[in-house]
Amino acid sequence: MLRIGFLPSDFNPMLLMLGDAEDFRALGGVMRGFARAPADTRIDTMGFCVPSNTAVTLTGSAGPLGVHRDGNDVVWRIDAPRAASFAEQMETLADPNMASGSEILACGLEDETTVKLSHGEYTDDFLLPA
């Protein structure tokens, strides 16, 4: 199951998503659906995700692109072309023959909070709620 957490930092804050091939295939499907019809989507509550202390809402609403904190919650604002591109990056990690790897999802903004997808690089208990 996909594990999600926000890692705050003064220099390199990150939204980290850890999972296996099936998780990234499912997340890629969500991204492709968002690219076709952008609508606010809570990623952390989907069936392929472990319950998290970080609520992550994917949105196409007006405002600056990228990941933004809202208290303990995260708003991830992207447009349809970026969603389609991110889905392709997720498919890379969905390859069942890939033992490990990662992808960085970024909108190309200065001082942006990036989203890192990782498969097989962290222990299985990393990002699990206490």
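The following legends describe close-up views of a predicted model.

**View 1. Four strands form an open sheet with mixed pairing.** The strands are arranged in the order β3-β4-β6-β5. Strands β3 (41–42) and β5 (66–70) stand at the edges, and each has a single partner strand, so one side of each is left without a neighbour in the sheet. Helix α1, formed by residues 21–36, packs on the sheet and touches β3, β4 and β6. The direction of helix α1 makes about 35° with that of β4.

**View 2. Strands β4 and β6 run parallel.** Strand β4 comprises residues 56–59, strand β6 comprises residues 73–77, and four bridges join the two. Two of the residues in these bridges may be located by their partners in β6: V56 is partnered with V74, and T57 is partnered with V75. In general, strands of a sheet pair through backbone hydrogen bonds, in either a parallel or an antiparallel manner.

**View 3. Strands β5 and β6 form a hairpin.** In contrast to a parallel pair, β5 and β6 run antiparallel, and five bridges join them. Within this pairing, G66 stands opposite R77 in β6. Two residues lie between the strands of the hairpin, and G71 in the turn has a positive phi of about 70°.

**View 4. The largest nonpolar core has 28 residues.** The residues with the most contacts inside this core are M17, L27, M31, W76, I78 and L117. Several elements each supply at least two residues of the core: β1 (3–7), β2 (14–18), α1, β4, β6, α2 (80–93) and β8 (114–119). Both helices α1 and α2 therefore appear in this list together with strands.

**View 5. The surroundings of W76 include residues from many parts of the sequence.** When residues up to four places away in sequence are not counted, W76 touches M17, M31, I43, T57, L58, T59, G66, V67, F86, M90, L105 and V115. Among these neighbours, M17 and M31 are also listed, like W76 itself, among the residues with the most contacts inside the largest nonpolar core.

**View 6. R42 and D44 meet in a salt bridge.** The count of salt bridges in the model comes to two. In the pair shown here, the N to O distance between the side chains is 2.7 Å. Are the two partners buried or exposed? R42 is partly exposed, with a relative accessible area of 38%, whereas D44 is buried, because its relative accessible area of 7% falls under 20%.

**View 7. D79 forms a salt bridge with R82.** The closest N and O atoms of this pair are 2.8 Å apart. D79 counts as partly exposed, at 28% relative accessibility. R82 likewise counts as partly exposed, at 25% relative accessibility.

**View 8. D125 lies in the segment after β8.** At 54% relative accessibility, D125 counts as exposed, because this value is over 50%. The side chain of D125 is joined to that of T123 by a polar contact of 2.6 Å. How far apart in space are D125 and R3, which are 122 residues apart in sequence? The distance between D125 and R3 is 9.1 Å, C-alpha to C-alpha.

Notes: Residues are numbered from 1 along each chain as its sequence is written. This is a predicted model: local features need pLDDT of at least 70, side-chain atom pairs count only at pLDDT 80 or more; totals for chains, interfaces and linings use all residues. Side-chain values use heavy atoms; hydrogens and water are left out. A salt bridge is a side-chain nitrogen of Lys or Arg within 4 Å of a carboxyl oxygen of Asp or Glu. Buried means under 20% relative accessible area, exposed over 50%, partly exposed in between (1.4 Å probe, protein chains only). Two strands pair if DSSP finds at least two bridges between them. Contact means heavy atoms within 4.5 Å. Axes are lines fitted to C-alpha atoms, for helices over the stretch in contact, and angles run from 0 to 180 degrees between N-to-C directions. A nonpolar core is a set of buried Ala, Val, Leu, Ile, Met, Phe, Trp, Tyr and Cys residues joined through side-chain atoms within 4.5 Å. A polar contact is a pair of N or O atoms within 3.5 Å; within protein, one must be able to donate a hydrogen and the other to accept it, and residues adjacent in sequence count only if both atoms are side-chain atoms.
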